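Please look over the sequence and the structure below before reading on, and keep both in view while following the text.

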Amino acid sequence: MTAQMQEHMPRDLGDGIVLRAATEADIDAVVDLSATMFFPSVGEFVRRIMTQGIPRGDLSSFLVCEDTTTRRVVSSLALLQNKATYGGVPLTIGQPEFVVTLPEYRGRGLIRAQFEAIHARSAARGDLMQIIQGIPNYYRQFGYEYALERSTGVRKGFFADLPQPQPDAAPAFH
């Protein structure tokens with residue numbers, strides 16, 4: 001965590017909610033939150049990042065909002081780091097991911113506070129921009145704008161468009 005980010009952590013968000021960096025003690029709670037609000041496979045991917053790391057992130061990539069009255073993690077997100085080139089110039093890019101809040105804690109500014117913290121962290125480490133995928137238009141409220149079409153380079157199709165094999169033929173694909 002950068003010194004600039006540490007200056008703002010932990011941060012009291014009111015109503016017994018504290019924003020802070022995730023610790024090893026938070027791993028199961030963040031995994032459960034991600035698995036419950038997204039999919040179990042997302043929770044397991046979050047666990048791998050938090051415990052084993054990936055080139056783009058590790059435990060230190062995650063923030064949590066904790067309800068101090070219940071000691072429950074009620075919101076979390078991660079700031080991963082990507083690398084790209086533009087016109088041959090290498091860039092480091094921040095990528096917010098796994099943005100999640102329990103429904104009963106929504107509307108309290110928890111995600112906004114976490115985005116403020118990761119924007120400071122991203123700037124301090126020299127990221128020239130951030131990229132985010134997710135709910136269309138939702139992230140505009142945190143200062144994001146559309147720059148590139150997400151589906152660039154992706155091929156989409158429907159199973160109904162695939163040719164059906166002859167009744168006695170072995171399938172050509174699975």
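The paragraphs that follow go from the sheet to the helices, then to the core and to one pocket, in what is a predicted model.

A good place to begin is the sheet, which is open and has six strands in the order S1-S2-S3-S4-S5-S6, with mixed pairing. Its edge strands are S1 (11-14) and S6 (129-130), each of which pairs on one side only. In general, the strands of a sheet pair through backbone hydrogen bonds, either parallel or antiparallel. Here S2 and S3 pair in the antiparallel sense, over five bridges, and Ile17 has Asp67 in S3 as its bridge partner.

Two helices can now be placed against these strands. Helix H2 lies across S3, S4 and S5 and runs at about 85 degrees to S4, whereas H4 packs on the sheet, touching S1, S2, S3, S4, S5 and S6, with a direction that makes about 35 degrees with that of S4.

In soluble globular proteins, nonpolar side chains tend to be buried together. The largest nonpolar core of this model has 37 residues, of which Val46, Met50, Phe62, Phe98 and Phe115 touch the most other members. Among the elements that give two or more residues to this core are H2 (27-37), H3 (40-52) and H4 (110-124). Leaving aside neighbours within four places in sequence, Phe115 is in contact with residues including Leu77, Pro96, Val99 and Tyr139.

Val99 and Tyr139 appear again at the second largest pocket, where they are among the five of 23 lining residues that lie nearest its centre. This pocket has a volume of about 490 Å³, and the largest share of its lining, six residues, comes from S5.

Technical notes:
Residues are numbered from 1 along each chain as its sequence is written. This is a predicted model: local features need pLDDT of at least 70, side-chain atom pairs count only at pLDDT 80 or more; totals for chains, interfaces and linings use all residues. Side-chain values use heavy atoms; hydrogens and water are left out. A nonpolar core is a set of buried Ala, Val, Leu, Ile, Met, Phe, Trp, Tyr and Cys residues joined through side-chain atoms within 4.5 Å. Buried means under 20% relative accessible area, exposed over 50%, partly exposed in between (1.4 Å probe, protein chains only). Helices (H or I, at least four residues) and strands (E, at least two) are DSSP runs, numbered from the N terminus. Contact means heavy atoms within 4.5 Å. Two strands pair if DSSP finds at least two bridges between them. Axes are lines fitted to C-alpha atoms, for helices over the stretch in contact, and angles run from 0 to 180 degrees between N-to-C directions. On a 1 Å grid over the protein atoms alone, a cavity is a set of points where a 1.4 Å probe fits but cannot get out, and a pocket is an open set with protein on both sides within 12 Å along at least five of seven lines; lining residues have an atom within 4 Å of a point. Grid points are joined across faces, edges and corners, and a volume is the space filled by probe spheres set on the points.
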